[in-house]
Amino acid sequence: SDTVKRIRALISEDRSESTGRESGLSPESRPALFVSLAGCGLLAAVLAFSGLGARPLISPAEARYALIAREMLESGDWIQPHFNHARFYEKPPLTYWCVAASYRLFGFTEFASRLPSALAYVGTVLLTFLLALELVGSGTAPLAALIYATSLGPFLFGRFLFTDTLLVFCLSVSLLGLARTIRRPGSWAGA
């Protein structure tokens with residue numbers, strides 16, 4: 001459609017202006033880019049995982065999500081979330097599934113409760129890098145990832161049990177997929 005063509009042209013103009021070339025990375029710049037990506041991921045992991053299980057679950061929402069995941073694991077009912085044996089449909093179950101899986105692997109601990117949020121935070125930092133690389137270029141990608149990693153909101157949400165970190169991660173995956181599809185329409189789905 002016309003809208004997609006206009007968006008594709010706009011992204012192509014922005015990227016060619018910011019990078020000075022139409023497409024792709026030179027083979028010489030790939031190792032440096034990988035080191036930058038790894039460095040951003042390492043910083044995000046240190047920020048997310050240092051002392052992750054040291055604090056108790058202090059927020060009422062955090063405790064509620066942890067209890068729902070615990071009930072899910074103990075009852076074996078992974079379809080209908082329950083809170084105090086009553087159905088609880090106020091939030092999507094993805095967070096509960098991830099926390100319950102974490103409980104299965106690491107036991108019922110504060111660390112296990114917050115692990116999915118921390119992993120989603122680190123993943124979103126890496127996705128921010130890739131999204132900036134796709135849309136703006138290799139010079140801006142590390143800066144974009146570092147800005148996201150050190151922003152107070154994402155940092156704090158990555159250290160607590162909230163549904164928002166997984167939502168932002170999933171939206172970031174979708175946005176990266178959209179940007180790549182628009183930039184390189186023939187590169188997805190075997191086309």
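## Leucine 105 and the nonpolar surface patch

In this predicted model, leucine 105 counts as exposed, because its relative accessibility of 66% lies over the 50% cut-off. The residue is found in helix α4, which spans residues 94–106. Together with Phe106 and Phe111, Leu105 makes a nonpolar surface patch of about 320 Å².

For the chain as a whole, the accessible surface comes to about 10600 Å². Carbon and sulfur atoms account for 67% of that surface.

## Overall organisation

The chain has 191 residues, and 36% of them count as buried. Its secondary structure consists of 8 helices and 2 strands. In sequence order the elements follow the pattern α-α-α-β-β-α-α-α-α-α, with the two strands placed between the third and fourth helices.

Contacts across the sequence are also described by their separation. Among contacts in the chain with a separation of 6 or more, 71% are between residues 24 or more positions apart.

## Nonpolar cores

The largest nonpolar core has 16 residues. Those with the most contacts inside it are Tyr65, Ala69, Tyr96, Val99, Tyr103, Leu161 and Phe162. Two elements give two or more residues to this core, namely α3 (60–75) and α4 (94–106). Helix α3 gives the most, with 7 residues. A second, separate core has 15 residues, and Leu52, Phe129, Ala145 and Ala149 are among them.

Leucine 161, one of the residues with the most contacts inside the largest core, also has polar and charged partners. With neighbours within four places in sequence left aside, leucine 161 is in contact with Glu62, Tyr65, Ala66, Thr95, Val99, Ser113, Arg114 and Ser117. Two of these partners, Glu62 and Arg114, are joined to each other by a salt bridge.

## Threonine 163

Threonine 163 lies in the loop between α7 (152–157) and α8. Its relative accessible area is 12%, under the 20% cut-off, and the residue is therefore buried. Leaving aside neighbours within four places in sequence, threonine 163 is in contact with Tyr65, Lys91 and Thr95. Tyr65 and Thr95 also appear among the contacts of leucine 161.

## The salt bridge between arginine 114 and glutamate 62

The structure holds 5 salt bridges. One of them is formed by arginine 114 and glutamate 62, whose closest N and O atoms are 2.7 Å apart. This pair links distant parts of the chain: arginine 114 belongs to helix α5 (residues 110–135) and glutamate 62 to helix α3, with their positions 52 residues apart in sequence.

Both charged partners are buried. Arginine 114 has a relative accessibility of 0%, and glutamate 62 likewise has a relative accessible area of 0%.

## The network around glutamate 134

Glutamate 134 forms a salt bridge with arginine 183, the closest N and O atoms being 4.0 Å apart. Glutamate 134 lies in helix α5 and arginine 183 in helix α8 (residues 164–183), 49 residues apart, and the pair thus links distant parts of the chain. Both of these residues are buried.

The side chain of glutamate 134 also meets that of arginine 184 in a salt bridge, at 2.2 Å from N to O. Here again distant parts of the chain are linked, since arginine 184 is in the segment after α8 and glutamate 134 is in helix α5, 50 residues apart. The two partners of this bridge differ in accessibility: arginine 184 is partly exposed, with a relative accessible area of 36%, whereas glutamate 134 counts as buried at 3% relative accessibility. Through salt bridges that share partners, Glu134, Arg180, Arg183 and Arg184 are joined into one network.

## Cysteines

The structure holds 0 disulfides. Cysteine 170 is in no disulfide, because the nearest cysteine sulfur, that of cysteine 98, is 8.1 Å away and the cut-off is 2.5 Å. Cysteine 170 is partly exposed, with a relative accessible area of 34%. Cysteine 40, by contrast, is buried, with a relative accessible area of 3%.

Key. Residues are numbered from 1 along each chain as its sequence is written. This is a predicted model: local features need pLDDT of at least 70, side-chain atom pairs count only at pLDDT 80 or more; totals for chains, interfaces and linings use all residues. Side-chain values use heavy atoms; hydrogens and water are left out. Buried means under 20% relative accessible area, exposed over 50%, partly exposed in between (1.4 Å probe, protein chains only). Helices (H or I, at least four residues) and strands (E, at least two) are DSSP runs, numbered from the N terminus. Contact means heavy atoms within 4.5 Å. Accessible areas come from the Shrake-Rupley method with a 1.4 Å probe; for residues, only the protein chains shown count as cover. A nonpolar core is a set of buried Ala, Val, Leu, Ile, Met, Phe, Trp, Tyr and Cys residues joined through side-chain atoms within 4.5 Å. Patches are made of residues with over 30% relative accessible area and no salt bridge: like charges are joined within 9 Å, nonpolar side chains (Val, Leu, Ile, Met, Phe, Trp, Tyr) within 5 Å.
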